[in-house]
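Biologist: I've got a chain here that I'd like to understand before I go back to the bench. Could you pull it up and take me through it?

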Amino acid sequence: MTLQQEIVGNAMQMAVVNLQPGQTVYCEAGKFLFKTTNVTMETRLSGPSNNGGQQQGGSGGGMGGLLRQAMGTAMQVGQRMLAGESLAFQYFTSQGGQGTVGFAGVLPGEMRALELDGTRAWFAEKDAFVAAESTVDFGIAFAGGRTGMSGGEGFILEKFTGYGTVIIAGAGNFIDLNPADFGGRIEVDTGCVVAFEEGIQYGVQRVGGLNRQGIMNAVFGGEGLSLATLEGNGRVILQSLTIESLANALKKAQGGDKQGPTGGLFSTHAG
C-alpha cells in the first residue's frame with residue numbers, strides 16, 4: 001500500500017501523511033508533530049522487521065524465540081546508540097478510518113520522499129531519517145574505519161531497505177545529481193551529502209597533497225583536509241547547508257566565533 005504523503009512549507013518543510021485504515025508509519029523519536037485522534041501512537045525500541053519477529057516468536061517460538069527477539073532488539077538498540085541515533089521509534093496506526101500524521105526534521109531545510117521497490121537500498125547521513133512505512137526496514141551501515149576516520153563524517157550511515165516510502169530531511173536546499181552525468185565521479189564537502197542509492201561508491205580523499213597548495217586549501221579554504229567522493233551510476237542528494245557551517249554562523253552571531261579568518265584546519269568548536 002503506497003504511503004499517501006505531501007511535503008509542505010518552504011524554509012522549514014514538514015510531511016503530512018494520510019494513513020489508510022490499519023496502515024502504519026513509524027518515525028524516529030522527536031520527529032512527530034501532530035496527529036488526528038483516530039491514530040494510535042506507540043513507542044518501541046525495535047524496528048519494524050524486529051516487530052514482525054516478535055509476533056512470530058510470541059506465537060510459536062517459545063522461550064528460544066523470545067530470547068532471539070530480545071537479542072535482536074538489543075543489537076538494534078546498540079547499533080543506534082553507537083551511531084548517536086534515537087534509541088526508540090514511534091509507531092502510528094490509523095484506526096476506524098483514514099488518519100493524518102505530521103512529521104518534520106530538526107533543521108531548516110528540505111524534505112524528500114524516497115520510494116523503495118526492493119531492488120536498491122538507500123543510504124543517508126545521520127539524522128536524515130524522519131519517517132517511513134512499516135514495510136521499510138531501518139538499519140545502520142558503517143562506511144569503513146579508514147573512510148570514516150579520515151573524513152570525520154560519513155563513517156556511520158542510515159540504511160533503508162524493503163518496499164515503500166521513506167521520508168528524509170536535510171539542511172538548506174536539495175540538489176539531485178548522478179555522478180555518471182559528470183564523468184562517473186563527483187567530489188563534495190563531506191557535510192553536503194544527504195543520501196545516495198545503493199551502487200554509489202562513497203569514499204573520502206584528502207584535499208591536495210602535502211605541498212604548498214594542499215596546505216593552503218586545508219588551512220585557508222575552509223574545507224579542512226578531506227572531501228567526500230561519490231562514484232558510479234545512481235541518484236545522489238546533496239544539501240546546500242552543512243551543520244558545521246550553521247553552527248559556526250550561530251556562534252558568530254552570539255559573539256563566540258573561534259574560527260577566525262583561516263577556517264578549515266584551524267577552526268575550533270565552542271564548548
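Biologist: How many bridges join strand 11 to strand 12?

Modeller: Keep in mind that this is a predicted model. Strand 11 covers residues 136-142 and runs antiparallel to strand 12. One spot to click on is Val-136, whose bridge partner in strand 12 is Gly-162. The number of bridges joining the two strands is 7.

Biologist: Which residue of strand 12 stands opposite Met-111?

Modeller: Start from strand 8, residues 111-117, which pairs with strand 12 in the antiparallel sense. That pairing extends over 7 bridges. Opposite Met-111, in strand 12, you'll find Ala-169.

Biologist: And strand 9, what is the bridge partner of Glu-125 in strand 12?

Modeller: Strand 9 takes in residues 122-125 and runs antiparallel to strand 12, with 4 bridges joining them. Look across from Glu-125 into strand 12 and its bridge partner is Leu-157.

Biologist: What about strand 10, how many bridges join it to strand 12?

Modeller: Here too the two strands run antiparallel, with strand 10 made of residues 129-133. Ala-131 is a handy marker, since its bridge partner in strand 12 is Ile-167. For strand 10 and strand 12, the bridges number 3.

Biologist: Is strand 12 largely enclosed or left open by the rest of the structure?

Modeller: Strand 12 spans residues 156-169, and a residue counts as buried when its relative accessible area is under 20%. Of its 14 residues, 10 are buried. So, with respect to the rest of the structure, strand 12 is largely enclosed.

Biologist: Which element gives the most to the largest nonpolar core?

Modeller: That core has 21 residues, and those with the most contacts inside it are Tyr-26, Phe-129, Phe-160, Val-166 and Ile-168. Elements giving two or more residues to it include strand 6 (89-94), strand 8 and strand 15 (193-197). The top contributor, with 4 residues, is strand 12.

Biologist: How many residues are in the other core?

Modeller: This other core lies apart from the largest one. Among its members are Ala-15, Val-17, Val-25 and Ala-169. Its residue count is 15.

Biologist: In the open sheet of 4 strands, which strands stand at the edges?

Modeller: The order in that sheet is 1-2-7-4, with antiparallel pairing. An edge strand has a single partner strand, so one side of it is left without a neighbour in the sheet. The twist there averages 20° from one strand to the next. The edge positions belong to strand 1 (4-8) and strand 4 (32-35).

Biologist: Staying there, what is the bridge partner of Asn-18 in strand 7?

Modeller: Strand 2, residues 14-19, and strand 7, residues 99-104, pair in the antiparallel sense over 6 bridges. Go to Asn-18, look across into strand 7, and the bridge partner is Thr-100.

Biologist: What is the average twist in the open sheet of 3 strands?

Modeller: That one has the order 14-17-16, again with antiparallel pairing. Strand 14 and strand 16 (201-206) are its edge strands, each pairing on one side only. Strand 16 and strand 17 (residues 226-231) share 6 bridges, and Gly-203 has Thr-229 as its bridge partner in strand 17. From one strand to the next, the twist averages 30°.

Biologist: Is Thr-190 buried or exposed?

Modeller: Thr-190 is in the loop between strand 14 (185-188) and strand 15. Thr-190 and Val-204 are 14 residues apart in sequence, and their C-alpha atoms are 7.9 Å apart in space. The relative accessibility of Thr-190 is 8%, and the cut-off is under 20%, so Thr-190 counts as buried.

Biologist: My usual cysteine question: how many disulfides does the structure hold?

Modeller: A disulfide is a covalent bond between the sulfur atoms of two cysteines. Cys-27 is buried at a relative accessible area of 0%, and Cys-192 also counts as buried, at 16%. As for disulfides, the structure holds 0.

Biologist: Last one: what share of the protein chain's residues count as buried?

Modeller: The chain has 4 helices and 18 strands, and its accessible surface comes to about 13,500 Å². Carbon and sulfur atoms account for 55% of that surface. Of the chain's 271 residues, the share that count as buried is 46%.

Terms used:
Residues are numbered from 1 along each chain as its sequence is written. This is a predicted model: local features need pLDDT of at least 70, side-chain atom pairs count only at pLDDT 80 or more; totals for chains, interfaces and linings use all residues. Side-chain values use heavy atoms; hydrogens and water are left out. Buried means under 20% relative accessible area, exposed over 50%, partly exposed in between (1.4 Å probe, protein chains only). Two strands pair if DSSP finds at least two bridges between them. Axes are lines fitted to C-alpha atoms, for helices over the stretch in contact, and angles run from 0 to 180 degrees between N-to-C directions. A disulfide is a pair of cysteine sulfur atoms within 2.5 Å. A nonpolar core is a set of buried Ala, Val, Leu, Ile, Met, Phe, Trp, Tyr and Cys residues joined through side-chain atoms within 4.5 Å. Accessible areas come from the Shrake-Rupley method with a 1.4 Å probe; for residues, only the protein chains shown count as cover.
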